[in-house]
Amino acid sequence: MNQVYLALGSNIRAEFNLPQAVRLLESCGRILRKSSIWQSQPVGDEDQADFLNAAVLWETACDAQQIWDEVIPGIEARLLRVRDPLNKNGPRTIDIDLVLYNREQLQIAHRIVPDPEISSRIFLAVPLAELSPEYQVPGLGRPVSEIAAELQADNEAVFFRRDDVQL
């Protein structure tokens, strides 16, 4: 079985779409841990609603290529994700990213795993740190909790936990 860390984000009906994505993931694996839900400002296209973000630790028999080619696009399609080729940072019902896969370093199509933005994106690092604080990010050699703490110190005003929403 593979241990996969997935980042989830939504700014369209997020309170519905995030938990629904988790339920759909359970159809082809087992959710071992779920983070809190965090609110963050959009990146890139700032003329849209804030995002709700979370992460899950998911155990699955699927390999990384299957997750990338089948599982993620299938769930995003079921939750009516529309990709705007002119605005990759636009609003979305759901965004699922393969962030960590076992303890491996991989490249799948144009996706690099571990996600190189873990060290610069608070909405990735903090939920991951909730799941596995001592996880040493391959290639960085640092625990995700250390990365998250640094990012939180710089971004307290724009990133906060939403205890009113659950996965």
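# A tour from R162 to the largest pocket

Start by selecting R162. Leaving aside neighbours within four places in sequence, R162 is in contact with E15, I37, W38, Q39 and L52. Keep in mind that this is a predicted model.

**Stop 1: around R162.** Where does R162 sit along the chain? R162 lies in the segment after β8, the strand spanning 159-161. Colour R162 by accessibility next. Its relative accessible area is 17%. Buried means under 20%, so R162 counts as buried. Now show side chains. Which side chains make polar contacts with the side chain of R162? One is the side chain of Q39, at 2.7 Å. Another is the side chain of D164, at 2.8 Å. Q39 also appears among the contacts listed at the start.

**Stop 2: strand β1.** Select residues 2-10. This is β1, and eight of its nine residues are buried, so the strand is largely enclosed by the rest of the structure. Which way do β1 and β4 run relative to each other, parallel or antiparallel? They run antiparallel, and nine bridges join them. Add residues 51-60 to the selection to see β4. Then pick out Q3: its bridge partner in β4 is E59.

Next, add residues 95-101, which form β5. How many bridges join β1 to β5? Six, and this pair is antiparallel too. For a marker here, select L6, which stands opposite L98 in β5. While the strands are on screen, trace the side chains. In a regular strand they alternate between the two faces of the sheet.

**Stop 3: the largest pocket.** Show the pocket surface. The largest pocket has a volume of about 990 Å³. Its lining counts 37 residues. Which of them lie nearest the centre? Select N89, R92, D95, D97 and R111. By class, the lining has 17 nonpolar, eight polar and 12 charged residues.

Now colour by element. β1, β4 and β5 each supply at least two residues of this lining, as do α2 (64-78), β7 (111-113) and α3 (122-131). Which element gives the largest share? That is α2, with four residues.

**Stop 4: helix α3.** Finish on α3, residues 122-131, one of the elements that line the pocket. Is α3 mostly covered or mostly open? It is mostly covered, with eight of its 10 residues buried. Select them to see which: I122, L124, A125, V126, P127, L128, A129 and L131.

Methods: Residues are numbered from 1 along each chain as its sequence is written. This is a predicted model: local features need pLDDT of at least 70, side-chain atom pairs count only at pLDDT 80 or more; totals for chains, interfaces and linings use all residues. Side-chain values use heavy atoms; hydrogens and water are left out. Buried means under 20% relative accessible area, exposed over 50%, partly exposed in between (1.4 Å probe, protein chains only). Two strands pair if DSSP finds at least two bridges between them. On a 1 Å grid over the protein atoms alone, a cavity is a set of points where a 1.4 Å probe fits but cannot get out, and a pocket is an open set with protein on both sides within 12 Å along at least five of seven lines; lining residues have an atom within 4 Å of a point. Grid points are joined across faces, edges and corners, and a volume is the space filled by probe spheres set on the points. Ala, Val, Leu, Ile, Met, Phe, Trp, Tyr, Cys and Pro count as nonpolar, Asp, Glu, Lys and Arg as charged, and the others, Gly among them, as polar. A polar contact is a pair of N or O atoms within 3.5 Å; within protein, one must be able to donate a hydrogen and the other to accept it, and residues adjacent in sequence count only if both atoms are side-chain atoms. Contact means heavy atoms within 4.5 Å.
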